[in-house]
Amino acid sequence: FKKNPRLITGAKGVYLKTHEGNILIDASSGLFCNPLGHGREEIVEAVSKQLRELDFVLPFNQGFGGSFELATRIAKYTPDNLNKIFYTICGSTAVETAIKIAMAYHASKGHKKKFRFVGRDRGYHGMNIGGLSVGGFNNYKEMCASVLMPGVQHMRHTFLPEHKFVKGQPETGAELADDLETIANKFDGEIAACIVEPIAGSTGTLIPPKGYLNKLRKICDKHGILLIFDEVITGWGRTGSAFAAQEFDVTPDLITMAKATTNGVVPMGVVAVRDSIYDSIVNSAAEGSIELFHGYTYSGIPVAVAAALAVQDIFEKEDIFQRVKDMSPYFQNALHSLRDLDCVKSIRGYGMMGGIDIQMKDKPGKAGFQIYKACYANGVNFKATADALVLAPPYICEKKHIDEIFDKLRKGIIQYMKQ
């Protein structure tokens, strides 16, 4: 990077401008967080207006009208009975908050043995200690090994060899959910919650096999385990439904969200909580005590709320989720059109998400990074995780933009193959 800096100096719609004056098409919505495109005037105006009127409210024992309005509007889209909203400052803190809420809930029920959490290999839940503990990226954990949460267990990831080049949900692999049953039986009565991304995004778009999430839900119910869906990436339309919970018809007990909540303009995280969990925590607290001793200085600050409310307006005005459903087949066909390239090992996708695995070259991550640089030079920007190319274009893309993304992606990969 020092030898050849890649600096972004401007952005509008689905395009970015570099410090050299080149134009890139954004194939990953920033980092999944700009699905409505860049430079939305509605959000700019809402943020500016809010800053002129009210810039900060103490997040403890005070509030302001906007935060209640936003909570109500978020709850319109969350699954049944997940109507209680807790604001945080990003996806990582949303996960930390969900972990604490799960612990507080079991404490309120007198479940003193429940302290363990279950995550999944190749899962990503942020960079804070709780998120690292339940996440499945071991290279992120090594430097923090001595301070990770105790007792965390991990299920296997859901990507099987026969899932290569499968469009949508694989038919096989639902039995991998039985890992949770095995863990629950081994640590009888000790599992507080299981946390998964419905679609594992950062690791290269791992799609859940048909029936997998349903089995997790049933196992959680059987053993009194809370089910947490990390929808920081899938939340707010990426699958074509407001949340992957509705898309896959599985209702968790808590949902974390962030990124698209404000279109990436202002940091914000949210946890949606099942009503009965909220009631148990609040009703068990002693009179005059703090029900949940947790929060952040910047939780639900006015400027973040203003951006999120403007995003809600755009979702409704432009019927964004239906737009994603309509565009998804075209995107998926374009995604899978790259399977003829010799270095492409696997392609996976759902909605407006896609992952492309590249044949490893010398060492993990080298091929992915070289392709990223070649594609950047050819005018398309996206995220590469090791040797997986991760695509998540803005929802406002038209077919011509999808064509442009994959034309430039193909050129970049071919250029890499000729090196």
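This report describes a predicted model, taking its sheet, aromatic residues, cysteines and some single residues in turn.

## The seven-stranded sheet

Seven strands form an open sheet with mixed pairing, in the order β4-β10-β9-β8-β7-β5-β6. At the edges stand β4 (84-88) and β6 (153-155), each of which pairs on one side only. Direction ignored, neighbouring strands of this sheet are turned by 20 degrees against each other on average. Helix α10 (residues 275-284) packs on the sheet and touches β4, β8, β9 and β10. The direction of helix α10 makes about 90 degrees with that of β10.

## Strand β9 and its two neighbours

Strands of a sheet pair through backbone hydrogen bonds, either parallel or antiparallel. Strand β9 (residues 254-257) has one neighbour of each kind. With strand β8 (residues 226-230), β9 pairs in the parallel sense over three bridges. With strand β10 (residues 269-273), β9 runs antiparallel, and four bridges join the two.

Some of the bridge partners can be named. I255 in β9 is the bridge partner of F229, and I255 also stands opposite A272 in β10. T256 stands opposite V271, again in β10.

In a regular strand the side chains alternate between the two faces of the sheet. In β9, L254 and T256 lie on one side, while I255 and M257 lie on the other. These four residues are all buried, and both faces of the strand are thus covered.

## Aromatic residues

The structure holds eleven aromatic pairs. One of them joins Y372 and Y376, whose ring centres are 6.2 Å apart. Their planes stand at 50 degrees, so this pair is tilted. Y372 and Y376 both belong to helix α13 (residues 366-377); because they are four residues apart there, about one helical turn separates them. Both tyrosines are buried.

Y372 also forms an aromatic pair with F382, and this pair is edge-to-face. The distance is 6.1 Å centre to centre, with 85 degrees between the planes. Y372 lies in helix α13 and F382 in the loop between β13 (380-381) and β14, so the pair ties together parts that are ten residues apart in sequence. Y372 counts as buried at 15% relative accessibility, and F382 counts as buried at 4%. Elsewhere, Y77, W236, F243, F315 and F321 form one aromatic cluster.

## Charged residues over rings

Two aromatic rings can be described together with a charged residue. K84 lies over the face of Y278, at 4.8 Å from the ring centre. K84 falls within the residue range of edge strand β4 (84-88), and Y278 within that of helix α10 (residues 275-284). R339 lies over the face of F165, at 4.3 Å from the ring centre.

## Cysteines

The count of disulfides comes to zero. A disulfide would need a pair of cysteine sulfur atoms within 2.5 Å. For C33, the closest cysteine sulfur is that of C90, at 12 Å, which is too far for a bond. For C144, the closest cysteine sulfur is also in C90, at 15 Å, again too far for a bond. C33 is buried, with a relative accessible area of 17%. C144 counts as buried at 14% relative accessibility.

## Residues with positive phi

Two residues other than glycine have a positive phi. Phi of R122 is near 65 degrees. R122 lies in the loop between β5 (116-120) and α5 (129-134), and counts as partly exposed at 24% relative accessibility.

Phi of A386 is near 55 degrees, a positive value in a residue other than glycine. A386 is placed in the loop between β14 (383-385) and β15 (388-391). At 49% relative accessibility, A386 counts as partly exposed.

## A buried histidine

H401 lies in helix α14 (residues 399-417). With a relative accessible area of 10%, H401 is buried. Leaving aside residues up to four places away in sequence, H401 touches V14, Y15, I25 and I396.

How values were computed. Residues are numbered from 1 along each chain as its sequence is written. This is a predicted model: local features need pLDDT of at least 70, side-chain atom pairs count only at pLDDT 80 or more; totals for chains, interfaces and linings use all residues. Side-chain values use heavy atoms; hydrogens and water are left out. Buried means under 20% relative accessible area, exposed over 50%, partly exposed in between (1.4 Å probe, protein chains only). Contact means heavy atoms within 4.5 Å. Two strands pair if DSSP finds at least two bridges between them. Axes are lines fitted to C-alpha atoms, for helices over the stretch in contact, and angles run from 0 to 180 degrees between N-to-C directions. Rings of Phe, Tyr and Trp (its six-membered ring) pair if their centres lie within 6.5 Å; planes under 30 degrees apart count as stacked, over 60 as edge-to-face and the rest as tilted. A charge sits over a ring if NZ of Lys or CZ of Arg is within 6 Å of the ring centre and within 35 degrees of the ring normal.
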